[in-house]
Amino acid sequence: MHMADALLAPAVAATMYVASGTAAGISIHKLKQDDEPQKLPVMAVTAALVFAGQMINYTIPGTGSSGHMCGGMLLSALLGPQAGFLSMIVILAIQCLFFADGGLMALGANIWNMAFYGCFVGYYLIWRPIMRSNWFGEGKSAQRTRIIAASIIGCIVTLQLGAFSVVLETSLSGITELPFGAFVALMQPIHLAIGLVEGLITSAVLLFVYESRPELLQCVNPEESETSKRSLKTVVAILAVVALVVGGGLSLLASSNPDGLEWALFGNAEEGYAENMGLDEDNFGVSSKAADTAGAIQEKTSFLPDYAFADNDTPAGTTVSGIVGAAMVAGIAVLICVAGGFFRKKKKAA
Amino acid sequence: MNKMQKAIRELAEMDEMAVRSSPVHALHPLSKLIATVIYILVTLSFDKYDLSGLVPMVLWPVLLFQLSGIEVRSCFYKLRIVLPLVMAVGLFNPFFDKTVVLQLGSLPVTGGVISMLTLMLKGVFCLMASFLLMATTPIDNLCAALRMLHVPKLLVTLLLLTYRYVGVMTEELAVMTDAYHLRAPGQKGIHISAWGSFLGQLLLRSMDRAQELYSSMLLRGYHQHFHYADIPPFRTRDALYMAGCALFFLLLRCVRIAQILGGTLVR
């Protein structure tokens, strides 16, 4: 699910950086408040282990294929949501920087899609409520069932949210011609199956930890449940954030028509308001030299252009010259390579 | 060689490349980081049909590959991860956007094909830029640059520590995986009966190891302050490199170099 840079427009990438950066800032603040310096090496070693652990292939019985572990849920169950989130950030950063798994600009989006949902939504809305509930009764076997349920539900839900975010971010970036509905239909079912397998693997690892060292897991000790009343506020807050992000994103995507004001002025019903008022879209607005210059600059530097074919009405000759020019650029690139090789050989000989 | 051993080799290769000496390696990590970010932003800002405008962006990575002496082969090896997803998304474009925008002889070229090619080139260019940054900058120097940008100390230290332990953990898991497969010949992955214990055992050992690591850090005088790499001061040449790169990218973004060059030959 790692997104590459090419799948994002700069504005979307920047927005996701801001969102993930805010979550990281809050997590760092919380960890500083807790003042547990010994947690840093634990986070580092666990993150390194999860990084390596994600490379293990787990055989899925009867299918011949294999699955992987869900890092976000595992880390938040072991370290807590904030420490888990920061650990996931560094895992994603290392994957991006050293293995080209995800892009540098797409890191913000990847953190949001894989770390935020896995650690915060997975922990506050799934892991903690289930582990503190009385579902499946009392005792050790009930606790085991709760761990399995929380892991599987957590992985499925967080992967679904992550996959949906990938679709949303790619569609908002205007990268793909694939209709939004078809893209969603393509992504969600695949990640449902992946989520189920990842949930089973995560639950197997967490069950092993629970059997050997239950104190390492978050929310499994009865004394921790004193604070359960406070969790409702956090749940509501997180739900509100998720609703805002998903709802806001969806509403943006839904408006493939011009925005409300433009629609009201130029495209309202059969005869637009503009037409009723005798306005013409091309000649509407203030016409001045400064406005024209500003418009030209905006045209050149626009980070989210209207995705119209550039120079639509230019003659074919311009396009041909573009192709020839591109070939010439390739030639220049080859020349640079040849020159580089020549100078390196000369340096070696000396 | 299993997946983990390949990862260790890839990490070692990156580390080895990062400590070579070349004019690019000698630049300040901050200037390289900022130039890379600007390059990626400018590359991504091209319109999805602006293939001819995007192509000249290849010049910067090509120039850096030559100046740094880094092999392009290692970079293209990493494309195996990036390209499949980009292609999976881009491959739909020719099916949905069938507007013919260009006629190459008798071959019609649709908008979907152009946007697919643009998408793939963007993916390759951005990967080359990030790869060049990491292949010419050791992680310690990059972390020092991140601190200069006021990235929180906790996050930078965590990145550095995790990176140190990634090698250790991956090696340990590689040995465990080899041992497991030697005892279970012909088995594709880890059997369901060992799903929990395989990683769980290492996880528990790692938790203890983390405590030992913290104790050793305390013994060496750790007081929640980590010593980052001693990088040379930001010099005029670093500022010039950064400004030069930014200007060059802006030029490539605003001036249609390919069309101007092509125009000299085609009338």
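**Confidence, fold and contact in a predicted two-chain model**

Within chain B, confidence peaks in helix 2, at a mean pLDDT (the predictor's confidence in each residue, from 0 to 100) of 95. The lowest value in this chain, a mean of 82, falls in strand 1 of chain B, residues 100-104. Helices (H or I, at least four residues) and strands (E, at least two) are DSSP runs, numbered from the N terminus. The model is predicted, so local features need pLDDT of at least 70 and side-chain atom pairs 80 or more, while totals for chains, interfaces and linings use all residues. Residues are numbered from 1 along each chain as its sequence is written, with chains lettered from A and ligands numbered from 1 in the order written.

Chain B as a whole has a mean pLDDT of 89. In this chain, 99% of residues reach 70 or more. For chain A the mean is 76, and 69% of residues reach 70 or more. The elements of chain A range from helix 1, with the highest mean (94), to helix 9 (residues 260-266), with the lowest (34). Two stretches of chain A fall below a pLDDT of 50: residues 225-232 and residues 242-286. Beyond near neighbours in sequence, residues 225-232 of chain A have 4 contacts in the model. The stretch 242-286 of chain A has 29 such contacts. Two residues are in contact if their C-beta atoms, placed from the backbone, lie within 7 Å. For the complex, the predictor gives an ipTM of 0.89 and a pTM of 0.79.

Chain A contains 12 helices and 2 strands. Its elements follow the order α-α-β-β-α-α-α-α-α-α-α-α-α-α along the sequence. Chain B also comes to 12 helices and 2 strands. From the N terminus, the order in chain B is α-α-α-α-α-α-β-β-α-α-α-α-α-α. The C-alpha trace of chain B spans about 75 × 55 × 30 Å along its principal axes.

Of the 350 residues in chain A, 41% are buried (20 or more other C-beta atoms within 10 Å of the residue's own). In chain B, 45% of the 267 residues are buried. Contacts between residues at least 6 apart in sequence were then sorted by separation. In chain A, 74% of these contacts join residues at least 24 apart. The corresponding share in chain B is 78%.

Helix 2 (residues 29-44) and helix 7 (residues 111-136) of chain B pack at an angle of about 175°, their axes 10 Å apart. These two helices of chain B are therefore roughly antiparallel (over 145 degrees). Helix 2 of chain B contributes B:Lys32, B:Leu33, B:Thr36, B:Tyr39, B:Ile40, B:Thr43 and B:Leu44 to the contact. Helix 7 of chain B contributes B:Lys122, B:Phe125, B:Cys126, B:Ala129, B:Ser130, B:Leu133 and B:Thr136. By class, this helix contact has 8 nonpolar, 4 polar and 2 charged residues. Ala, Val, Leu, Ile, Met, Phe, Trp, Tyr, Cys and Pro count as nonpolar, Asp, Glu, Lys and Arg as charged, and the others as polar. Axes are lines fitted to C-alpha atoms, for helices over the stretch in contact, and angles run from 0 to 180 degrees between N-to-C directions.

The contact between the chains takes 85 residues from chain A and 94 residues from chain B. On the side of chain A that touches chain B, at least two residues each come from helix 1 (10-34), helix 2 (39-53), strand 1 (58-59), helix 4 (81-99), helix 7 (180-212) and helix 12 (316-349) of chain A. Helix 12 of chain A gives the most to this side, with 18 residues. The residues of this side of chain A divide into 61 nonpolar, 18 polar and 6 charged.

Conventions:
Angles under 35 degrees count as roughly parallel, over 145 as roughly antiparallel, 65 to 115 as roughly perpendicular and the rest as oblique. A residue is buried if 20 or more other C-beta atoms lie within 10 Å of its own, exposed if 12 or fewer, and partly exposed in between; C-beta atoms are placed from the backbone.
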